[in-house]
Amino acid sequence: NHVSPAIIPAASSSSSTPIVQGLLLPATLSPREMSLLDWFESDEYERTMVQVTTESGGGNGDAGVVVDAQAYVWRNELISELDLSKEWSYEEFCEANLEWYL
């Protein structure tokens, strides 16, 4: 039973852009650090190049910037293992699973 979120590929015909909040790490991570992240995320995820739009700068109305980034995306062949009937909730995760997860 997975208690962590999974990014899944959106259908190309999707009419709305999916929004995922996360932390954009600097591109200065070492190969060893990237290897550690790969291990942590396990074989269920695949590190994939994606385009990310950052939030606008400081709430001053500026548009976000589009950057290339890597994200851990749930493997297509494993999507049937996910419960897609509801959205993952950070608040619910913290309340019910964070202590076990740490």
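This passage walks through the fold, the core, the paired side chains and a few single residues of a predicted model.

Let's start with the overall layout. The chain has 102 residues, and its secondary structure adds up to three helices and two strands. Going along the sequence, these elements come in the order α-β-β-α-α. Helix α1 covers residues 31-41, strand β1 runs over residues 45-53 and strand β2 over residues 66-74. Helix α2 takes in residues 90-96, and helix α3 spans residues 98-101.

As for confidence, the mean pLDDT of the chain is 79, and 80% of the residues reach at least 70. Helix α1 comes out on top with a mean of 90, while helix α3 has the lowest confidence, with a mean of 80. The usual caveat applies: predicted coordinates shouldn't be read in detail where pLDDT is low.

On the surface side, the accessible area of the chain is about 8,800 Å², and carbon and sulfur atoms make up 52% of that. Just 10% of the residues count as buried. Contacts across long stretches of sequence are well represented: among contacts in the chain with a separation of 6 or more, 59% are between residues 24 or more positions apart.

Now for the core. The largest nonpolar core has six residues, namely Met34, Tyr45, Tyr72, Trp74, Leu78 and Leu82. Two of these core members, Tyr45 and Trp74, also turn up in the one aromatic pair that a search of the whole structure finds. Tyrosine 45 and tryptophan 74 meet edge-to-face, with 5.0 Å between the ring centres and 90° between the planes. Their partnership ties strand β1 to strand β2, as tyrosine 45 sits in the former and tryptophan 74 in the latter, 29 residues apart. Tyrosine 45 has a relative accessible area of 8%, so it counts as buried. Tryptophan 74 is buried too, with a relative accessible area of 1%.

Another core member, Leu82, brings in the start of the chain. Once neighbours within four places in sequence are set aside, leucine 82 contacts Ala6, Ile8 and Trp74. Isoleucine 8 belongs to the segment before α1, and its relative accessibility of 32% makes it partly exposed. With the same kind of neighbours left out, the contacts of isoleucine 8 are Val73, Trp74, Ile79, Leu82 and Leu84. Isoleucine 8 and leucine 82 are 74 residues apart in sequence, yet their C-alpha atoms are 9.9 Å apart in space. Trp74 is thus a contact of leucine 82 and of isoleucine 8, as well as one half of the aromatic pair.

Turning to charged side chains, the whole structure yields two salt bridges. One joins aspartate 38 and arginine 47, with an N to O distance of 2.6 Å. Aspartate 38 is partly exposed at 29% relative accessibility, and arginine 47 is partly exposed at 33%. The other bridge pairs glutamate 46 with arginine 75, whose closest N and O atoms are 4.0 Å apart. This second pair spans 29 residues, from glutamate 46 in strand β1 to arginine 75 in the loop between β2 and α2. Glutamate 46 has 41% relative accessibility and counts as partly exposed, and arginine 75, at 25%, is partly exposed as well.

Two more residues deserve a quick look. Threonine 53 lies in strand β1 and is exposed, with 56% relative accessibility. Leaving out residues up to four places away in sequence, threonine 53 touches Gly64, Val65 and Val66. The last of those contacts is with a residue 13 positions along the chain, and the C-alpha atoms of threonine 53 and valine 66 are 4.3 Å apart. Serine 42, in the loop between α1 and β1, has a positive phi of about 70° despite not being a glycine. Serine 42 is partly exposed, with a relative accessible area of 28%.

Notes. Residues are numbered from 1 along each chain as its sequence is written. Side-chain values use heavy atoms; hydrogens and water are left out. Rings of Phe, Tyr and Trp (its six-membered ring) pair if their centres lie within 6.5 Å; planes under 30 degrees apart count as stacked, over 60 as edge-to-face and the rest as tilted. Helices (H or I, at least four residues) and strands (E, at least two) are DSSP runs, numbered from the N terminus. Buried means under 20% relative accessible area, exposed over 50%, partly exposed in between (1.4 Å probe, protein chains only). A nonpolar core is a set of buried Ala, Val, Leu, Ile, Met, Phe, Trp, Tyr and Cys residues joined through side-chain atoms within 4.5 Å. Contact means heavy atoms within 4.5 Å. Accessible areas come from the Shrake-Rupley method with a 1.4 Å probe; for residues, only the protein chains shown count as cover. pLDDT is the predictor's confidence in each residue, from 0 to 100.
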